[in-house]
Amino acid sequence: MGIEVIVEGLTKSFGQQTVWEDVTLTLPPGEVSVMLGPSGTGKTVFLKSVIGLLKPERGRVLVNGVDMVNSPERDVYEARKLFGLMFQDGALFGSMNLFDNIAFPLREHTRRKESEIRRIVMERMDMVGLLGAERKLPGEISGGMRKRAGLARALVLDPQIILCDEPDSGLDPVRTSYLSQLLIDLNAQIDATMLIVTHNLDIAATVPDNMGMLFRRRLVAFGPRELLLTSEEPVVEQFLSGRRAGPIGMSEEKDEAALALEQREALPTPPRRALVPQLEPSAGLGPRQAVQRRRARVLAMWDQLPPAAREAVRAGLASVPGESV
Ligand SMILES: Nc1ncnc2c1ncn2[C@@H]1O[C@H](COP(=O)(O)OP(=O)(O)OP(=O)(O)O)[C@@H](O)[C@H]1O
Ligand SMILES: [Mg+2]
């Protein structure tokens with residue numbers, strides 16, 4: 001069963017540069033959340049802070065009673081075993097074949113017998129479609145295969161919290177659809193709390209229960225997916241429609257002059273994407289346990305949701321037999 005992750009007032013700097021400040025959010029247990037944000041806004045730094053690999057200057061990250069920022073390193077190391085982290089670059093060991101790469105956390109953190117390790121590794125490799133590639137070195141396979149190997153490795157310790165850093169980068173559109181389904185199926189199978197960093201608008205539209213966005217050193221929003229998908233906040237709207245007009249520029253922010261010029265130029269504004277239903281687990285898996293918990297949670301915050309978000313939640317529930325509000 002997934003574990004809640006509570007982030008409170010988190011601030012991280014490197015020297016003079018503040019990456020983000022005062023980030024507060026809760027990842028609800030067993031739910032899938034997506035974190036969006038232009039390049040360089042500190043999404044990777046955020047994931048590394050949640051798992052305790054980077055230490056923010058202020059704030060806390062509470063996981064099972066352990067503060068990943070301030071607790072003694074011994075406790076943080078123990079708590080880290082609850083996590084599976086899929087790095088942005090795969091972070092595989094170049095001289096180890098895929099089998100040994102994926103077996104690494106089991107050999108490092110458990111005393112399991114080799115026969116058992118073999119069973120678990122093969123199961124995970126099957127899950128991500130890599131059976132048959134056990135003996136290949138990372139340098140001998142495609143970028144997409146390396147990504148999936150990174151995911152398999154993140155899964156071997158049966159994590160209760162899964163963090164994925166751009167799992168789709170470098171994947172073709174078909175593989176990205178398979179990946180979206182894989183993430184939802186994984187969530188249905190193990191009820192883990194998941195946080196996915198992505199730039200992919202299809203994943204954002206179809207996978208998560210919740211969505212957040214980092215911009216200009218702030219968490220500009222975090223909440224149910226419907227809240228962001230219907231948001232009128234300029235930066236959220238611009239990002240989710242992928243257009244040039246708006247506060248996000250090529251280098252993270254536009255200045256006043258560029259924004260004024262843009263108003264005169266009237267850059268094209270493509271229509272907003274239509275809301276589509278969230279992906280369901282594959283046939284035979286049964287419903288995700290998070291669905292009922294999330295329903296109760298969203299209904300409890302009904303009064304705080306803007307009308308457009310409520311409408312979207314209603315439409316989503318209407319597509320589930322026997323559900324409505
Ligand atoms: N170890 C480090 N030392 C100094 N600065 C760092 C370090 N790691 C990250 N940064 C800086 O923090 C900022 C955020 O980086 P981060 O990698 O988190 O961005 P991101 O949102 O993941 O971007 P992308 O979408 O391109 O992956 C960047 O300006 C980066 O240069
Ligand atoms: Mg990154």
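User: In this predicted model, how many residues of the shell around ligand 1 are nonpolar, how many polar and how many charged?

Analyst: The model is predicted, and in it 13 residues surround ligand 1, with S39, G40, K43, T44 and V45 as the closest. Sorted by class, this shell holds two charged residues, eight polar residues and three nonpolar residues.

User: Which helix gives the largest share of the shell around ligand 1?

Analyst: Strand 2 and helix 1, which covers residues 43–50, each supply at least two residues of that shell. The largest share amounts to three residues, and the element it comes from is helix 1.

User: What percentage of the area of ligand 1 does the protein bury?

Analyst: An oxygen atom of ligand 1 lies 2.8 Å from an N or O atom in the side chain of S39, and an oxygen atom of the ligand is also 2.8 Å from a polar backbone atom of G40. For G42, a backbone N or O atom is 3.0 Å from an oxygen atom of ligand 1. Taken alone, ligand 1 exposes 650 Å², and of that area the protein buries 61%.

User: Which strands stand at the edges of the open sheet with the order 2-1-4-5?

Analyst: This open sheet has four strands with antiparallel pairing. Each edge strand has a single partner strand, so one side of each is left without a neighbour in the sheet, and these are strand 2 (17–27) and strand 5 (66–67).

User: Which residue of strand 4 stands opposite V7?

Analyst: Strand 1, residues 5–14, and strand 4, residues 58–63, pair in the antiparallel sense over five bridges. Within strand 4, the residue that stands opposite V7 is V61.

User: Why is strand 7 described as largely enclosed by the rest of the structure?

Analyst: In a regular strand the side chains alternate between the two faces of the sheet. In strand 7, I161, L163 and D165 on one side are buried, and I162 and C164 on the other side are buried too, which leaves both faces covered. Strand 7 (residues 161–165) is therefore largely enclosed, because the residues that are buried number five of the five.

User: Through which helix does the chain cross from strand 7 to strand 8?

Analyst: Strand 7 pairs in the parallel sense with strand 6 (residues 83–86) over four bridges, and G84 stands opposite I162. Strand 7 also pairs in the parallel sense with strand 8 (residues 193–197), over five bridges, where L163 stands opposite L195. The β-α-β crossover from strand 7 to strand 8 is right-handed, and the chain makes it through residues 173–190, which form helix 6.

Note on methods
Residues numbered from 1 in each chain as written. Chains lettered and ligands numbered in written order. Predicted model: local features only at pLDDT ≥ 70, side-chain atom pairs only at ≥ 80, totals over all residues. Heavy atoms only, no water. Pairing = 2+ DSSP bridges. Near = heavy atom within 4 Å. Polar contact = N/O pair within 3.5 Å; in protein donor to acceptor, adjacent residues only side chain to side chain. Areas by Shrake-Rupley, 256 points an atom, 1.4 Å probe, with all protein chains shown as cover. Nonpolar A, V, L, I, M, F, W, Y, C, P; charged D, E, K, R; others polar. Buried < 20%, exposed > 50% of the residue type's maximum accessible area, 1.4 Å probe, protein only. Right-handed = clockwise from strand over helix to strand, strands pointing away.
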